[in-house]
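Here are some notes to read with the model open beside you. Take the points one at a time and find each residue as you go.

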Amino acid sequence: MTNSKNDYQNSTTNNEKGIHTDFTQNMTYGEYLSLDQLLGAQNCLSDHHDETLFIIIHQVSELWMKLILHETRSAIKAIQDNQLATSFKRLARVSKIQSQIIQAWDVLSTLTPAEYMEFRDSLGQASGFQSYQYRMIEFALGYKTSHVLKIYKKDPPLHKLLTEAFHAPSLYDVSIQALAGAGLPINKEILNRDLSKPYQQDESVKQAWLTVYKNVDQYWDLYQLGEKLVDIEDWLQQWRFRHMKTVERIIGFKVGTGGSSGVNYLKKVLDQRFFPELWDLRTEI
């Protein structure tokens with residue numbers, strides 16, 4: 001049986017005459033993806049078997065967040081350039097990425113409390129609360145709080161990057177501008193507001209979205225935009241909920257390694273809203 005299997009494999013390889021096997025002068029798959037660096041970045045601080053799981057889950061999530069930021073920034077630029085169809089492609093991809101990042105919690109939840117306690121102290125004060133990419137996603141979606149910037153003062157270039165993102169227009173800011181650009185009346189104070197301040201819902205924005213949703217044929221592109229935004233907030237809240245339940249499952253109501261109240265903090269975060277008018281209008285249609 002073994003010989004037959006090997007013969008089959010050799011026969012298959014021999015029939016594929018175009019397969020490249022000499023890479024002395026050419027770039028390999030591993031080199032293109034920097035796999036040596038990527039696969040060598042799991043630096044465990046304990047000898048516990050499950051610390052590798054813990055590190056990889058968080059590293060994979062950070063990679064997905066990098067792609068979320070890449071696509072969201074492109075969507076913001078497309079909306080500013082009145083290329084809504086392009087933004088729909090980008091935002092649809094963000095939603096698909098979010099579905100992947102949510103499933104990561106299912107893998108992490110296989111870690112039991114007893115297993116995590118074996119290496120938790122090795123983390124020191126390091127915590128997912130300090131994820132700067134997560135903060136940049138919040139900024140990009142319009143949720144901005146200045147106190148979180150203090151976390152990153154240790155790294156001036158990173159602090160500068162976050163400060164720029166903090167003052168940049170969010171996905172919702174440019175979407176409201178798109179409403180105004182279509183001739184829908186928007187409060188000038190909203191259009192000219194300080195973009196570093198947390199967005200406060202506004203009656204004129206709600207009425208504009210209501211007009212869009214009551215006249216879908218006339219405002220089809222804006223209607224599509226509104227639904228893409230709802231998709232993203234929906235998935236983000238599902239990610240937050242799974243985060244909260246996974247933390248509760250593994251450490252209960254212990255204080256987080258970063259000093260937060262843990263589960264209690266994560267429950268409060270679930271009340272944060274990004275696109276409030278798009279949710280409120282559903283009651284009125």
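1. Let's start with contacts. In the protein chain, among contacts with a separation of 6 or more, 70% are between residues 24 or more positions apart. Keep in mind as you look around that this is a predicted model.

2. Now the overall make-up. The protein chain has 14 helices and 0 strands, so if you read along the sequence you get α-α-α-α-α-α-α-α-α-α-α-α-α-α. Measured out along the principal axes, the C-alpha atoms fill a box of roughly 75 × 50 × 40 Å.3. How much of the chain is tucked away? Of its 285 residues, 40% count as buried. As for the outside, the protein chain exposes about 16,800 Å², and carbon and sulfur atoms supply 52% of that area.

4. Pick out Y213 for a closer look. This residue is found in helix α11, which covers residues 203-214. Is Y213 buried or exposed? Its relative accessibility is 11%, so Y213 counts as buried, the cut-off being under 20%.

5. Who does Y213 touch? Leaving aside neighbours within four places in sequence, Y213 is in contact with Y223, G226, E227, L278, L281, R282 and I285. Try the last of these on screen: Y213 and I285 are 72 residues apart in sequence, yet their C-alpha atoms are 7.8 Å apart in space.

6. Next, the largest pocket. About 1,200 Å³ of space lies in it, and 40 residues line it. To find its centre, look for F54, H58, S127, G128 and F129, the lining residues that lie nearest to it.

7. Which helices build that lining? At least two residues each come from α4 (51-80), α5 (84-108), α7 (132-141), α12 (220-251) and α13 (263-269). Helix α4 gives the most, with 8 residues. Sorted by class, the lining of the largest pocket has 20 nonpolar, 14 polar and 6 charged residues.

8. The second largest pocket has a volume of about 180 Å³. Its lining is made up of L69, R73, I76, M136, F139, A140, L161, E164, A165, A168, P169 and S170. Two or more of the lining residues come from each of α4, α7 and α8 (156-167). By class, the lining of this second largest pocket divides into 9 nonpolar, 1 polar and 2 charged residues.

9. How many cavities of 30 Å³ or more are there? The count comes to 1. About 140 Å³ of space lies in the largest cavity. It is lined by 13 residues, and M65, I68, Q98, I137 and L236 are the ones nearest its centre.

10. Finally, who surrounds that cavity? Helices α4, α5, α7 and α12 each supply at least two residues of the lining, with the largest share, 4 residues, coming from α7. What is the lining like by class? It divides into 11 nonpolar, 2 polar and no charged residues. For comparison on your screen, go back to the largest pocket, where 6 charged residues are part of the lining.

Key:
Residues numbered from 1 in each chain as written. Predicted model: local features only at pLDDT ≥ 70, side-chain atom pairs only at ≥ 80, totals over all residues. Heavy atoms only, no water. 1 Å grid on protein atoms, 1.4 Å probe; cavity = no way out; pocket = protein on both sides within 12 Å on 5 of 7 lines; lining within 4 Å. Points joined across faces, edges and corners; volume = space filled by probe spheres on them. Nonpolar A, V, L, I, M, F, W, Y, C, P; charged D, E, K, R; others polar. Buried < 20%, exposed > 50% of the residue type's maximum accessible area, 1.4 Å probe, protein only. Contact = heavy atoms within 4.5 Å. Areas by Shrake-Rupley, 256 points an atom, 1.4 Å probe, with all protein chains shown as cover.
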